[in-house]
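Here are some short exercises to work through with the model open beside you. Try each task before reading its solution.

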Amino acid sequence: MGLDQSFIGRAYPPGTPYRVSREKIAEFAKAIGDTSPVSHDPEAARAAGHRDVVAPPTFLIILTLGIVDVLANDPDLGLDYGRLVHGDQSFTHHRPATAGDRLTVTTTIEDIFARAGNDFLTVRTDIADDAGEPLCTGRAQLVVRGEDV
Amino acid sequence: MTDVAKGYELPPLAVDVTRADLVRYAGASLDFNPIHWSDRVATSVGLPGVIAHGMYTMALANRLVTDWAGDAGKVLACSARFTRPVVVPDDDEGARIEFSGTVTDVTDGVATVTVTAKFDGRTVLAKATAQVRL
């Protein structure tokens, strides 16, 4: 059964702000084998013109993954978490995320469509800093695999 | 980097991904989906076994880019489509993913890098690109 297309355009308000820490950036960088000084050493980051250590390009998935919980916990949408697959992901960085940033995420369902027995959701995540300035726009395509696929 | 032109090939990257790497990435990214650590759950949903997070493969693809660019802050945008799972065996060798990157466009000081990620001789990402300020 297809997902309700009336959910297109629905926005979920931001939750508790997320504070980006040097430690989390270092932990994430280490997990992906990224040893670049700008992501580990505040002095090197400042020398490169950044306020503090810089998050790797996909670091903000930490915030955007939360959208899955938000969507899965919306009983009206009726998303089957067990059948959910990540189809694609993009990030457009309006500026780099650095340690010390306090970020909020607003989630919007941009599109819902069915194809070949699967449901597809396009979800936009707008990440903003403390001043309300846009920091990153993320887009994810989530695929809910059909029962008989 | 300012003399980079279309067709430039970035230094390649090969990563042997083990279960321990997946556990570490799960903790770092807060993605605890059990298909990335439990064979029981992975096989119950029709997978051959535990698979790597698509976002982990995408992160490694972007590491190829930042290893070259030297500064994650130069990556203005990145994207990837997850087309095939990377099955990670429960052994010490892991699953080898081989990444290569080519500059496919340069416009106004911004290079588009297109990354290929191969596992077991087949691509696992499609349309994997990064926009890099030169």
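**Exercise 1. Describe the order of helices and strands in chain B.**

Solution. Along the sequence, chain B runs β-α-α-α-β-β-β-β-β, with helices (H or I, at least four residues) and strands (E, at least two) taken as DSSP runs numbered from the N terminus. That comes to three helices and six strands. A note before going on: this is a predicted model, where local features need pLDDT of at least 70, side-chain atom pairs count only at pLDDT 80 or more, and totals for chains, interfaces and linings use all residues. Residues are numbered from 1 along each chain as its sequence is written, while chains are lettered from A and ligands numbered from 1 in the order in which they are written.

**Exercise 2. Compare the span of helix α3 of chain B with the expected one, then look at its surroundings.**

Solution. Start with the span: α3(B), residues 54-69, has 16 residues and reaches 23 Å from first C-alpha to last, close to the 22 Å expected (1.5 Å times one less than its number of residues). Next, burial: 15 of the 16 residues are buried, so α3(B) is largely enclosed by the rest of the structure. Buried means that 20 or more other C-beta atoms, placed from the backbone, lie within 10 Å of the residue's own. Finally, B:Gly70, just after the helix, has a positive phi of about 80 degrees.

**Exercise 3. Find the strand pairing between β3(A) and β2(B).**

Solution. β3(A) pairs with β2(B), residues 75-82, in the antiparallel sense over five bridges; pairing requires at least two DSSP bridges. One bridge joins A:Phe91 to B:Cys78.

Conventions
Buried ≥ 20, exposed ≤ 12 C-beta atoms within 10 Å, placed from the backbone.
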